[in-house]
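Let's go through this one bench-style, with short questions and worked answers. Have the sequence and the model open beside you.

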Amino acid sequence: MTHHKYAWEPYLSKGIKKTFPQKTTLFHQGEIGKGFYYLFDGEVKIKLTSNKGDERIIDIVTQGELFGEAGIKKEPYFSTAHVTKQSIVYYFSNEAFQSICKENPAAIDIFLQSLIRKERLLAEIVAQENRSFEQKLAFFLLKMYNKSNETSISINQISLSNYIGTSRITVYKILQQWEKKEIVTVSNRSIHINDLNRLRAILNEDIIIPSED
């Protein structure tokens, strides 16, 4: 499967370019969508509110990715998108999407691959619920690595604790243990993965990973 980042770039001229300041909410979970977005520059956090009302970060959108794909079918967005630093996005309405697909059948495949990835991510996050905090942390770091192919992940410990649903102290303790074992190196606003295999081993303890077909 081709790497998905920037695959949507050829179609940007059909979208509406918008710049949003930090702390803007682009859409709310449950809101009926009328289109979707492409992140050209900046950073967007995707949050999910559980039935109990807990809000969790489930994904961080990076440059070159689509997000809010559920909005295209006039369906409710299954998450909330929050701009964390000034961002340039392209917005695609239903009409713009139909026009792109008529001219470029390949666009349908790019869009569907992105939508499937998001739905798979949601399923994985639900499946993570009963895992240890260590495994949830390993899952998140490996997911960010797979997305960017970069071993340095820029994220602070507050965001990490929000993602795995625990206190900053727990995250701090896990990262300290991993630093001693030289699995990661932690700095103020980033985590550098030194040993991908050991991180994968933590994630895979007592679990059989289903193979992708």
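**Salt bridges, strands and cores**

At 15% relative accessibility, K47 counts as buried, where buried means under 20% relative accessible area, exposed over 50% and partly exposed in between (1.4 Å probe, protein chains only). Keep in mind that this is a predicted model, where local features need pLDDT of at least 70, side-chain atom pairs count only at pLDDT 80 or more, and totals for chains, interfaces and linings use all residues. Residues are numbered from 1 along each chain as its sequence is written, and side-chain values use heavy atoms, with hydrogens and water left out.

Q: Which residue meets the side chain of K47 in a salt bridge?
A: A salt bridge here is a side-chain nitrogen of Lys or Arg within 4 Å of a carboxyl oxygen of Asp or Glu. K47 has such a partner at 3.7 Å, N to O. The partner counts as partly exposed, at 42% relative accessibility. That residue is E55.

Q: Are E65 and K147, which form a salt bridge, buried or exposed?
A: Their closest N and O atoms are 3.4 Å apart. The pair links distant parts of the chain, with E65 in the loop between strand 4 and strand 5 (66-67) and K147 in helix 3, 82 residues apart. (Helices are DSSP runs of H or I with at least four residues, strands are runs of E with at least two, and both are numbered from the N terminus.) E65 has 5% relative accessibility and K147 has 8%, so both count as buried.

Q: Which residues are joined into one network by salt bridges that share partners?
A: By the salt-bridge rule, the count comes to seven. Some of these share partners, and E65 and K147 belong to such a network. The full set is D59, E65, K143 and K147.

Q: How many residues apart in sequence are the parts that K14 and E103 tie together?
A: The side chains of K14 and E103 meet in a salt bridge at 3.1 Å, N to O. K14 is partly exposed at 33% relative accessibility, while E103 is exposed at 52%. Since K14 lies in the segment before strand 1 (16-20) and E103 in helix 1 (residues 94-103), the parts they tie together are 89 residues apart.

Q: What is the bridge partner of V44 in strand 4?
A: Strands pair if DSSP finds at least two bridges between them, and strand 3 (residues 35-49) and strand 4 have six, running antiparallel. They form a hairpin with five residues between them, and G53 in the turn has a positive phi of about 95 degrees. Six of the seven residues of strand 4 (residues 55-61) are buried, so this strand is largely enclosed by the rest of the structure. The partner of V44 is V61.

Q: Which helix gives the most to the largest nonpolar core?
A: A nonpolar core is a set of buried Ala, Val, Leu, Ile, Met, Phe, Trp, Tyr and Cys residues joined through side-chain atoms within 4.5 Å. The largest has 45 residues, and those touching the most other members include V44, W178 and L199. With eight residues, the top contributor is helix 3 (residues 133-148).

Q: How many residues are in the other core?
A: This core lies apart from the largest one. Among its members are C101, A107, F111 and L115. The count is 16 residues.
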